[in-house]
Amino acid sequence: MLELIKQPWSWYVAGVFIGLTVPILLLLGNKPFGISSSLRHICAACLPRNFSYFKYNWKKEIWNLFFVTGIFFGGVIANLFLKDPNLIIIAEKTKAVLQQNNVKDISNLLPVDIFSWQSLFTLRGFIFICVGGFLVGFGTRYAGGCTSGHAIMGLSNLQWPSLVATISFMVGGIVVTWFVLPFILKL
Amino acid sequence: MTQKNNNTTENLDEFKENTESVIYSSENVFSKNIKFLVVGIFFGITFVKAEIISWFRIQEMFRFDSFHMYGVIGTAVVVGIISVFIIKKLKLKTITGEEIKIEPKKFSKGQIYGGLLFGFGWALTGACPGPLFAQMGYGFSVVVITFLFAVLGTWVYGYLQNKLPH
């Protein structure tokens, strides 16, 4: 059984589990599934907040911070007890393109060539780690949600603004992957 | 009888909320929210085990070289649609007997501009906000920096909100 869990899970198992999070959170406490709002609560709780976006009672939304803390510990547990000893299998075409672009180490879930402390102090690493992170925070809050809040929760409730957001996420990602990454990866 | 029970739970909820505002004891907050932590743990494990936290899987998705991520998101949406449909159809209530309400999403241009900007970031970091937490937990310590920049991005959005087109 444990061996089975340690193997990479198929898309349909993961899809069902993630989809079920929607009714579970609703039934447990009327909570709309969403993760990027946690970033807002963290700002409201920890940073200067004299503008209207952060003037609300974040303590009422504290369930969301418990939820993301859980996600963190899920990562810890997966690393300690459920690690797959095999290398991650990557599509041949993606692998070939990445190797042409100086992403050599594909042994881990993240490319260590980019996401490491040494890399952080290079221009390439700075763009991936810092600029990328900034855009994730700024973009999701500007869009009013991320993949979970819009693509999963919003679409589950048949909200067309969430479809607009989801299409925009995909277009943004595709544009950067095809037209920008080839240049930054070579930096 | 049910009516009476409902009233009692409602009163109890009200009572709980009142006491919360007066003493806001940390113990109470913890016991009320621990269930969301547990859901988060299962969710985080799923993120790691289905390799959704992998930068490579996101690259495959944006390069159209693998069905994996499309399968994950597609299945999740179908399961979500069916679940929400059932909840509405059967008028299911929360475990504390509250009526389930889902706020509709209002359209704003932010969903396009912000959506594109998040897409740029998603392709760079290989992570949406959820996987960021799981990546940190899994031991990619440098992702703490990605996360701090995401918090900074959120703060800057709050700062600029009124000046941005919506």
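**A cavity and some ring pairs**

Visitor: How many cavities of 30 Å³ or more does a search of the whole structure find?
Guide: Happy to help, and please keep in mind that this is a predicted model. Searching the whole structure for cavities of 30 Å³ or more turns up just one. The space in the largest cavity comes to about 180 Å³. So the count you asked for is one.

Visitor: Which domains of chain A does the largest cavity lie between?
Guide: Its lining has 20 residues, with Thr147(A), Ile152(A), Phe47(B), Ile52(B) and Cys128(B) nearest the centre. Within chain A, residues of the lining come from two domains, so the cavity lies between domain 1 (1–86) and domain 2 (87–187).

Visitor: How many residues of the lining of the largest cavity are charged?
Guide: Good one to check! The lining includes 16 nonpolar residues and four polar ones. That division leaves the charged group with no residues.

Visitor: Is the aromatic pair of Phe115(A) and Phe128(A) stacked or edge-to-face?
Guide: The ring centres are 6.4 Å apart, and the planes meet at 75 degrees. Planes over 60 degrees apart count as edge-to-face. Both residues, Phe115(A) and Phe128(A), are buried. The pair is therefore edge-to-face.

Visitor: Over the ring of which residue does the charged end of Arg63(B) sit?
Guide: Two charges over rings are worth a look here. Lys163(B) lies over the face of Tyr159(B), 5.4 Å from the ring centre. For Arg63(B), the charged end is 5.2 Å from the centre of a chain A ring, that of Trp178(A).

Key:
Residues are numbered from 1 along each chain as its sequence is written. Chains are lettered from A and ligands numbered from 1 in the order in which they are written. This is a predicted model: local features need pLDDT of at least 70, side-chain atom pairs count only at pLDDT 80 or more; totals for chains, interfaces and linings use all residues. Side-chain values use heavy atoms; hydrogens and water are left out. Rings of Phe, Tyr and Trp (its six-membered ring) pair if their centres lie within 6.5 Å; planes under 30 degrees apart count as stacked, over 60 as edge-to-face and the rest as tilted. Buried means under 20% relative accessible area, exposed over 50%, partly exposed in between (1.4 Å probe, protein chains only). A charge sits over a ring if NZ of Lys or CZ of Arg is within 6 Å of the ring centre and within 35 degrees of the ring normal. On a 1 Å grid over the protein atoms alone, a cavity is a set of points where a 1.4 Å probe fits but cannot get out, and a pocket is an open set with protein on both sides within 12 Å along at least five of seven lines; lining residues have an atom within 4 Å of a point. Grid points are joined across faces, edges and corners, and a volume is the space filled by probe spheres set on the points. Ala, Val, Leu, Ile, Met, Phe, Trp, Tyr, Cys and Pro count as nonpolar, Asp, Glu, Lys and Arg as charged, and the others, Gly among them, as polar. Domain bounds come from an automatic or database domain assignment.
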